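Student: I am new to this structure, and I would be glad if you could take me slowly through one part of it. Please look closely at how the strands of one chain are arranged, and then show me what lies around them.

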Protein chains: 2
Amino acid sequence: MELLEILECSPPLAREPLDAERAAALSQVFKALGDPVRLRIVSIVASHAGGEVCVCDITGAFELSQPTISHHLKVLKEVGLLTSERRASWVYYRLVPEALGELSALLNVPATA
Amino acid sequence: MELLEILECSPPLAREPLDAERAAALSQVFKALGDPVRLRIVSIVASHAGGEVCVCDITGAFELSQPTISHHLKVLKEVGLLTSERRASWVYYRLVPEALGELSALLNVPATA
DNA sequence: AGAATTTATAGAGGGATGTCAATATAGATA
DNA sequence: TATCTATATTGACATCCCTCTATAAATTCT
């Protein structure tokens, strides 16, 4: 089952206790965001005008080796936060806005009236 | 600086690229949520009527040793997602709703018009 | 085809992390 | 004070993870 599907059918954390199965799946997404480099990559991609960013631009934003960035991109792609597309020599990464949106909804806490 | 303060003064990920300093701080919170047991603990506490949960109730929800649960509670407390209060023999944990709320806001993506 | 460029994969090393058993601490009760 | 219960801390161990170098794969350009 795709992680995005699990996200879509998971009530907010504050609604009812998360079952073990969903927790196992959802924690993977948070774990992916639980690294400073990956969090910045997501932010770079998410905030970029046009919606897509070339790997070379991402690599240039860090003082890390190219394979390390490639590894982080793979992790983010595997949990469904990013997608990639190759065009000519370059690979472009895009945010999956629904994934981030569903995560946001998952964390949403009803206003303390 | 408290993590909650950093959360409060961080624009959404999709607004502008997150700087390295904030990313380092914020990734800690996501890392804390990046474990299935901790995610369930947060959900248990967040969804519990009355807003607080005794450690004994949390321990009873898992087939893990008491020290392991204690360790996870400590992690969640250190990143500012939970607080605790001792009353008599028992320790009660509460959600810090602002923390979860700010996290939710951080991930919020403007609707793709 | 050969060379150069861009990105991904493989493998290794060192540090972080989840778990447990054992023990300590705090509070209640006898 | 002694003892019992609830929770936290310590220390150990196995596993996971971030990073690197080396190399492969895909694409473009001579």
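Tutor: Before the bridges can be followed, one definition is needed: strands here are runs assigned by DSSP, at least two residues long and numbered from the N terminus, and two of them are said to pair if DSSP finds at least two bridges between them. Please also keep in mind that this is a predicted model.

With that in hand, we can begin at the hairpin of chain A, where strand 2 (residues 82–87) pairs with strand 3 in the antiparallel sense over six bridges. Two residues lie between these strands, and A88(A), which is in the turn, has a positive phi of about 60 degrees. R87(A) has W90(A), in strand 3 of chain A, as its bridge partner.

Strand 3 of chain A (residues 90–95) also takes part in a pairing with strand 1 (residues 52–54) of chain A, to which three bridges join it in an antiparallel run. Within strand 3 of chain A, Y93(A) is the residue that stands opposite V53(A).

Put together, the strands of chain A make an open sheet of three, in the order 1-3-2 and with antiparallel pairing. Strand 1 and strand 2 of chain A are at its edges and have a single partner strand each, so each of them has one side without a neighbour in the sheet. From one strand to the next, the twist averages 30 degrees. Helix 5 of chain A packs on this sheet, where it touches strand 2 and strand 3 of chain A, and the direction of the helix makes about 120 degrees with that of strand 2 of chain A.

From here we can turn to the DNA, where some of these elements appear again. Helix 5 (66–78) and strand 3 of chain A are among the elements that each supply at least two residues of the surface near DNA strand C, as are helix 4 (55–60) of chain A and helix 5 (66–78) of chain B. The most, six residues, is given by helix 5 of chain A. Around DNA strand C there are 25 residues, and those that come nearest are C56(A), P67(A), S65(B), P67(B) and T68(B). By class, that surface divides into eleven nonpolar, ten polar and four charged residues.

For DNA strand D, the number of surrounding residues is 23, with S65(A), P67(A), T68(A), C56(B) and P67(B) the closest. Here the largest share of the surface, six residues, comes from helix 5 of chain B.

Last comes the contact between the two protein chains, in which 33 residues of chain A touch 33 residues of chain B. On the chain A side, helix 2, helix 3 (36–47) and helix 6 (97–107) each supply at least two residues. Helix 2 (residues 20–33) of chain A packs against helix 2 (residues 20–33) of chain B at an angle of about 160 degrees, and their axes are 7 Å apart; these two helices are therefore roughly antiparallel to each other. In this contact, S27(A), F30(A) and L33(A) meet S27(B), F30(B) and L33(B), and the residues divide into four nonpolar, two polar and no charged.

Conventions: Residues are numbered from 1 along each chain as its sequence is written. Chains are lettered from A and ligands numbered from 1 in the order in which they are written. This is a predicted model: local features need pLDDT of at least 70, side-chain atom pairs count only at pLDDT 80 or more; totals for chains, interfaces and linings use all residues. Axes are lines fitted to C-alpha atoms, for helices over the stretch in contact, and angles run from 0 to 180 degrees between N-to-C directions. Helices (H or I, at least four residues) and strands (E, at least two) are DSSP runs, numbered from the N terminus. Angles under 35 degrees count as roughly parallel, over 145 as roughly antiparallel, 65 to 115 as roughly perpendicular and the rest as oblique. Two residues are in contact if their C-beta atoms, placed from the backbone, lie within 7 Å. Ala, Val, Leu, Ile, Met, Phe, Trp, Tyr, Cys and Pro count as nonpolar, Asp, Glu, Lys and Arg as charged, and the others, Gly among them, as polar. A residue is near a molecule or strand if its C-beta atom, placed from the backbone, lies within 6 Å of it.
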